[in-house]
Amino acid sequence: MNLQLDTEAIKVFRAEKNWTQQQLAEICDVSLRTIQRVEKTGISSMETLSSLCSAFNIDKSSLLEENFQINEESEIKKLPELLGISLMLSIVIFLMLQFGQLTMFVDVASGMFVGGVLIGCTLLTYASNPKLSSSSFSVNSQGTYSWLFNKIAVFNSLSNFTLYGFLVAMGVEMLLILKNYSEPKMMGPALAVLIISFLYAIIFSELVLQVLKHNLIRHKLHCTALKYKSEQSSGKATITRIAGMLLISLSVLLATSIIGANILFIPALTFILSLVIVGAVISYGKLTVPLIIGALKGVTEERQIITIHMFLNYLSRLTISSGIIYLLVDLVSILSTIDDQAKLYLRISESLVGPITAVVIYLCFIKPLMISLQANSKGQFKQLAVNEENKLNEDMLKTYGLLTVTIICITAVILEISFK
């Protein structure tokens, strides 16, 4: 009986051993042509599979290609997904209306910078294979791990391109700010445009592209009901994790009550949780609750572990980006409306509640679950792909954090100059 193996996995494991195809053939006691055929087509006999697993010292599941069950109707029924994205954007618009008028957040130049660079970089990157980027927005019948992670890489590239657009806008707007140094009152509006371009970039990247990306992941990795761990320790571990979450929540509430800032956290927390919940449901649908339970209890099936990893990664990005969106909207409002220096730093401190709340949720709730889940994964090749996704997300979060701190410092300095 012929089996379908993951060709990319074989190449990765061979590269890790620094073996040539000839060396691998000799170790497996098969012909060179057999190894070449397996690496090219993935078609293998059970005997060849056993030899490869013995040579690499891995389980057969690490080389066997998964057969994904795709709902073909998902290629057509995109309306719920689009409505979900619209709902998330509506939540952001509602926040804008809470801080001021909607016209404060409209700037054609910022949109042209971010959108132009995004489209230009996409055309430049995928000029040799334009179908790769265009087909990323739909689910097709292909079903390999390597195909899936290639698609994920496309979405990550598009997210990066939106950030490139902001960096271009940032350079231009910084020149405009310096040009108006002799007229301090004009520096605030110039900075507001810079912040708006960052706002556009993060909204499109995290509330549109990432939703589409994880919707694809959900369809590809969708599987049967989660197989929770059967060990007796599983129940105790779940209770312990829940107790840890309650202890963290109590500590945060107690600390904020002591400094009298607990009320300030409610709007930011409501906004962040609203976006995270809506984003999770739109991207993962009915899998949302089982994935949360699976993260708390632990799962044994590898594809489920990968799905939960991707799910938690998505929650991480959405949580942090929601906190930054809260901050950016408030900063634009400050630059557009504040006329009292005494209220300046109070308003800036209130705007920081958003990212601080997001960081607490990420570091104290989501990250520990990711570390715990990663420790239980045994699939080497598939875990390498998950680790790469983790690294990309962490790099993006660090970049967002650095840019956010930079904008806060620039805002404080420029407003101080303006009032003087």
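The following questions and answers concern salt bridges and buried residues in a predicted model.

Reader: How many salt bridges does a search of the whole structure find, and which residue forms one with Arg 14?

Author: A search of the whole structure finds four salt bridges. In one of them the closest N and O atoms are 2.6 Å apart, and the partner of Arg 14 is Glu 39. Arg 14 lies in helix H1 and Glu 39 in helix H3, so the pair ties together parts that are 25 residues apart in sequence. The count asked for is four, and the partner is Glu 39.

Reader: Is Glu 206, which meets Arg 317 in a salt bridge, buried or exposed?

Author: The side chains of Glu 206 and Arg 317 meet at 2.7 Å, N to O. Glu 206 lies in helix H9 and Arg 317 in helix H13, so this pair ties together parts that are 111 residues apart in sequence. Arg 317 has a relative accessible area of 3% and is buried. Because buried means under 20% relative accessible area, Glu 206, at 1% relative accessibility, counts as buried.

Reader: Which residues does Asn 393 touch, not counting residues up to four places away in sequence?

Author: Asn 393 has its place in helix H16, residues 380-419, and is buried, with a relative accessible area of 2%. Although Asn 393 and Arg 317 are 76 residues apart in sequence, their C-alpha atoms are 7.0 Å apart in space. Leaving out residues up to four places away in sequence, Asn 393 touches Asn 313 and Arg 317.

Key:
Residues are numbered from 1 along each chain as its sequence is written. This is a predicted model: local features need pLDDT of at least 70, side-chain atom pairs count only at pLDDT 80 or more; totals for chains, interfaces and linings use all residues. Side-chain values use heavy atoms; hydrogens and water are left out. Helices (H or I, at least four residues) and strands (E, at least two) are DSSP runs, numbered from the N terminus. Buried means under 20% relative accessible area, exposed over 50%, partly exposed in between (1.4 Å probe, protein chains only). Contact means heavy atoms within 4.5 Å.
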